[in-house]
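Me: Please take a close look at a single part of this model, the chain that is lettered second, and set it in context. A formal, connected account with all cut-offs would be appreciated.

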Amino acid sequence: MNRLEFAARLIVIYIAGALGAINANGDITAPFALLSIFLTAELAARKAGRLMSDRITRIGGSVLVALVVGGFILNFTPEGLTRQTWSAFWVVVSLAVLWWRRRETTSFAWLHKKPGAQTAWFGASAAVLLIAFVVAVQGANKQLENPLQMWVAGKSTGSIAVAVSSGKDEGPFRFVVTPEVTKTDAFDPFSISPGAPIERSIPVGGSTRYDINLVDVKTGEVIRTVIVDSLPIS
Amino acid sequence: MSVQVENTRSTRQDHADVDLNIEPTPQLRHVAGPVTFTIAIGLLLTAYAGYMARKTGGTVDLLIWSGNFFLFAGPAWAALAKNVHRSSRIAAVVIGGTAAVVSRVLLYPTFFAYHDELLHLNSLRLIQERQHLFEVANSSLPVSKFYPGLEVATDGIQQITGLSSHVAGSILLILARLVLMLSLVRSVEWMTKSARIACLAGVLYICSPQFRFFNSQYSYQSIALPLCFYAVYLFGTSTRKSNWALVAPALAMAAAAMSHHLTTLGAVLVFVGWWLVARHRKTHQPLLGAMALLAVGIVAAWTAFAHDQVLVYIEEIAQSSIQSISNVVSGSQSSNKLFADNGGTKTPLWQRGVSVLSILFTVSAVALAFWRLRRNPKDRAGLTSAGVALFGVAAMYPLIPGSHLTVASAEVGDRSSSFIYVGVVFVVATWLAAVKLNAWRRVAVMGALVITYAGGLVLGGGPPWLQTPGPYLVAGDNRGVDAYGLSKAYWMQTYLTPNSRILSDRVNGLLDSTYGHQHVFRHLGDRLDMGTTSTLLLKGPQGDYDKELINYADLHYLVADRRLATGLPRFGVYIEQGEWGTIGTQERTEPPPLSAFTKFDRVSGADRIYDNGAISIYDVRALNDKREMKR
């Protein structure tokens, strides 16, 4: 293996390992890590035979086996399965494979081949697949818009904290409590936007069960309800 | 059929890059590119079907079935066609098989939504919390604690790359499917010395009912099966003659043994059956006996390690299957409703037709292959021991449709089909390759393949509503996972103490454990009597008895999804097998009353602390003083 290739492989291995060790974001780590996994597995499987199908089988299969068996081994370390131990594991495996295959030479002849019809078909397929993913993600995100949620955020003597959130702009709403309590600005109408929940402290008496309703100001309809036993006033 | 010389450890000549069974022709076609493009079109149609299903809430049959057709037609044609370059043929079939997993990811590209997927995602979460294996059991699937192969491999990808568990899991599934297809195709090519037979076998395996859905989901058999196929491939194609040749397949078997119980048992039966056939025929198969012994040893050792859970789990499956079958035979229980779910949805007539036809085609093809083998002594003599073993496996095919008499035995039959189908595809592929196909016959075979594929999708995909996203359905597996359930689960993760004890229904329970990080009661994990405990959610007000049950189960919270009162559960249960209303041979005929889900509104000591319009959460800790159940 020429020095340039050896050095390039080392750099990829160490960058991927270092990014994992410092808990770097997946957007930055993933390209290096996936490249490191592929380069290591490809180098290890290179002598699996002349047939590309055998080499790809061994690349994929060896990654699967390494992950399962490697995870089993890491389990017995005191730290266990952490980002640091996994990153260290893959660095060790990659360095071992790099040393084992240090006499291999990688051919880059394929870079000089003129792209033919097959390349064009595969390129078009990749483009269509990308569009498919964009369409799929758009559809899934539509389904996951958070509904209007209301919850008890806390109880203290003389008050109950209530929070409301939504994934879209909604309102105006107001709180209505049964049995009736002293009116404060907690009962003023409010609207909700996506983001941080709105929290209000509802004044209550002691030793009673309260229905706290979220009511649509325009229609008067009860949208959400929490039901809480207040804390006794000592 | 090619004559196969016994003693088939690979030789260097076997690796020649041409199909040895066709006459050399001046121009072999390269078809992988155009076939891949048709597959990509199929994936786009599938993604669009998912998008439209969510947007309109209606059925998207035309889109989804068009997508299915494009996913399959190209690889099937590439396997059947004449004068196709070997590598092109293999690439087309392998990409087609791998695309089945990609199509599932496209339907749910940002989260796992199916029942088994959420179970295993929860197992992954538990491992990641502890950062060690074998420590905490998933209460919904306790046996998975001892079979963490899927989760540990996902964790590896996730930790090394920094990607999310869903992305890491999806990458793993696609990689595993690639390994499965290549291992299958190359193993058959090794046995028959024919890429065409191998690719036909690959295409036929795509037609198996479990291929597109069950074995593509994020579940432990989805990694175990490829690892088992990989172990067989490594052993068969190895050129080494020393004991070192056993190391790689043994490691693959070990990884498989760590991943799933019954699948690795299937692999052990493959190696042992192969060895027995070789012994019976007195053919020399180097290292085969040692490999079979290793496989038995590895799986036995792992089973001994996991015996606490796995033997109980397998015993329960076996008991419920036997009980169901005997109930059906004695008439005390009706047989499994074919082509209909508990919610009353019936599979469309044309889909029922193609699924029956696909079974008929498969049975006929297997029968014709056996008949041809019987009539051709030369072919019989040329069959390897592995080939003979696979013929024996193929003969078990009728067990698969027969097992669908009852729900419990259907599960066993479906899981076995992943192995039985290997025998079926080998047998049918070798027969098909020997048949002289003119243009019309090729069209007819193509048509039969498409019908068999479509039938397999119907048989293995479950009711039509299960196969795509869409509006909420009561206890509807993926269709029960929606923004209400997910937002409630994420709220739990943020605001409730982790691993609080919760009673929740089937779908919400999965979300609450996986995304909500709570401990959800289930019979398997908690050894609770679900017949009585389930009345907390499924029966109207029971007064003090409700409080007794809360204490019996040591509950902290109840999750009440009011939508469950609007219909019957799609898979027969709201919570799990053995719940109130389904004990023994009882069958539910109407949904619980709405009062079952609001009864704690007027119980002092139970606070309704959360409401999102469909789901409420009750804090019942004030009612729980851990008294024993009196009734």
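Reply: In chain B, the mean positions of the 54 positive and 41 negative charges are 12 Å apart. Here Lys and Arg count as positive and Asp and Glu as negative, while His and the chain ends are not counted; each charge is placed at NZ of Lys, CZ of Arg, CG of Asp or CD of Glu. This is a predicted model, in which local features need pLDDT of at least 70 and side-chain atom pairs count only at pLDDT 80 or more, whereas totals for chains, interfaces and linings use all residues. Residues are numbered from 1 along each chain as its sequence is written, chains are lettered from A and ligands numbered from 1 in the order in which they are written, and side-chain values use heavy atoms, with hydrogens and water left out.

Chain B contains 26 helices and 5 strands, both being DSSP runs numbered from the N terminus (helices H or I, at least four residues; strands E, at least two). Its radius of gyration is 26 Å, close to the 25 Å that the globule rule gives for 631 residues, so chain B is as compact as a globular protein of that length. That radius is taken over C-alpha atoms, and the globule rule is 2.2 Å times the number of residues to the power 0.38. Along the principal axes, the C-alpha atoms of chain B fill a box of roughly 85 × 55 × 50 Å.

Of the 631 residues of chain B, 62% count as buried, that is, under 20% relative accessible area (1.4 Å probe, protein chains only). Among contacts in chain B with a separation of 6 or more, 74% are accounted for by residues 24 or more positions apart; contact means heavy atoms within 4.5 Å. The area that chain B exposes is about 23400 Å², with 61% supplied by carbon and sulfur atoms, as given by the Shrake-Rupley method with a 1.4 Å probe; for residues, only the protein chains shown count as cover.

Chain B also meets chain A, in a contact that takes 86 residues from chain B and 73 residues from chain A. Between them the two chains bury about 6700 Å², 68% of it on carbon and sulfur atoms. On the chain A side, Leu64(A), Val68(A) and Gln143(A) lose the most area to chain B, together 10% of what that side buries. Buried area is the accessible area (1.4 Å probe) that two parts lose on being put together, summed over both.

Definitions and conventions. Buried means under 20% relative accessible area, exposed over 50%, partly exposed in between (1.4 Å probe, protein chains only).
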